[in-house]
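This report goes through a single model, taking the loops and helices in turn and then the main pocket. Please keep the sequence and the structure at hand while reading.

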Amino acid sequence: MSNTLYAFSAIAVCSIITILIRALPFVIFGNKELPSTVTYLGKVLPGAIMIILVIFCLRNISFSSFPFGLPEFICIGICALLQHKYKNSILSVIISTILYMIIIRII
């Protein structure tokens, strides 16, 4: 199988699975009221997933060598402040990511 055909096939399969996964809740629940468990998970999981992602991103910080995780914690603080003030996730993530890239190049 050629590389182009393989890549196209992989993208097609991933696209079809993504569409099916997104459509599955509508097929299962339709216009019915959502079960309380699904409603609860919809409220709790986004925050839990964000906490897991932050921990995953901070897993390789070395507190015993310079810069001791300072760039990461500065940018986490900036991101949290921006999110609290503007309530705009995209703005918070983009600005803190750009700041992090600048800081790690300087230090």
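## The loop between α2 and α3

Pro67 is found in the loop that joins α2 to α3. The model is a predicted one, and in it the peptide bond leading from Phe66 into Pro67 is cis, with omega near 5 degrees. Most peptide bonds are trans, and most residues other than glycine have a negative phi.

Phe68 belongs to the loop between α2 and α3 as well. Its phi is positive, at about 60 degrees, although Phe68 is not a glycine. Is Phe68 buried, partly exposed or exposed? Its relative accessible area is 44%, and because partly exposed covers the range between under 20% (buried) and over 50% (exposed), Phe68 is partly exposed.

## Other positive phi angles

Lys87 sits in the loop between α3 and α4. This residue, which is not a glycine, has a positive phi of about 55 degrees. Lys87 has 59% relative accessibility and therefore counts as exposed, the cut-off for that class being over 50%.

Gly30 comes just after α1 and takes a positive phi of about 55 degrees. Here the residue is a glycine.

## Helices α1 and α2

Helix α1 covers residues 3–29, which is 27 residues. At 1.5 Å a residue α1 should span 39 Å, and its end C-alpha atoms lie 40 Å apart, so the two values agree. Where is α1 kinked? The kink, of about 35 degrees, is at Ala23, shortly before the proline Pro25.

Helix α2 runs over 36–57. With 22 residues, α2 reaches 32 Å from its first C-alpha to its last, close to the expected 32 Å at 1.5 Å a residue. A bend of about 35 degrees occurs in α2 at Val44, and the proline Pro46 follows within four residues.

## Helices α3 and α4

Helix α3 covers 70–86, and helix α4 covers 89–106. Phe73 is placed in α3. Its relative accessible area is 41%, so Phe73 is partly exposed. How far is the C-alpha of Phe73 from that of Leu58? The separation is 9.1 Å, with the two residues 15 apart along the chain.

Ile95 is part of helix α4. With a relative accessible area of 34%, Ile95 is partly exposed. The C-alpha atoms of Ile95 and Ile78 are separated by 8.4 Å, and these residues are 17 apart along the chain.

## The largest pocket

The largest pocket has a volume of about 640 Å³. Its lining is made of 18 residues, and those lying nearest the centre are Val54, Cys57, Ile76, Cys79 and Ser96. Which helices each supply at least two residues of this lining? They are α2, α3 and α4. Of the contributors, α4 gives the most, with 7 residues.

By residue class, the lining of the largest pocket holds 12 nonpolar, 5 polar and 1 charged.

## Cysteines

How many disulfides does a search of the whole structure find? The search finds 0. Cys79 is accordingly in no disulfide, and the nearest cysteine sulfur, that of Cys75, lies 8.9 Å away. A disulfide is a pair of cysteine sulfur atoms within 2.5 Å, so a separation of 8.9 Å does not qualify.

Cys79 is also among the residues nearest the centre of the largest pocket. At 23% relative accessibility, Cys79 counts as partly exposed, since buried means under 20%.

Technical notes
Residues numbered from 1 in each chain as written. Predicted model: local features only at pLDDT ≥ 70, side-chain atom pairs only at ≥ 80, totals over all residues. Heavy atoms only, no water. 1 Å grid on protein atoms, 1.4 Å probe; cavity = no way out; pocket = protein on both sides within 12 Å on 5 of 7 lines; lining within 4 Å. Points joined across faces, edges and corners; volume = space filled by probe spheres on them. Nonpolar A, V, L, I, M, F, W, Y, C, P; charged D, E, K, R; others polar. Buried < 20%, exposed > 50% of the residue type's maximum accessible area, 1.4 Å probe, protein only. Expected span 1.5 Å × (residues − 1). Bend = angle between axes of the 7 residues up to and from the residue.
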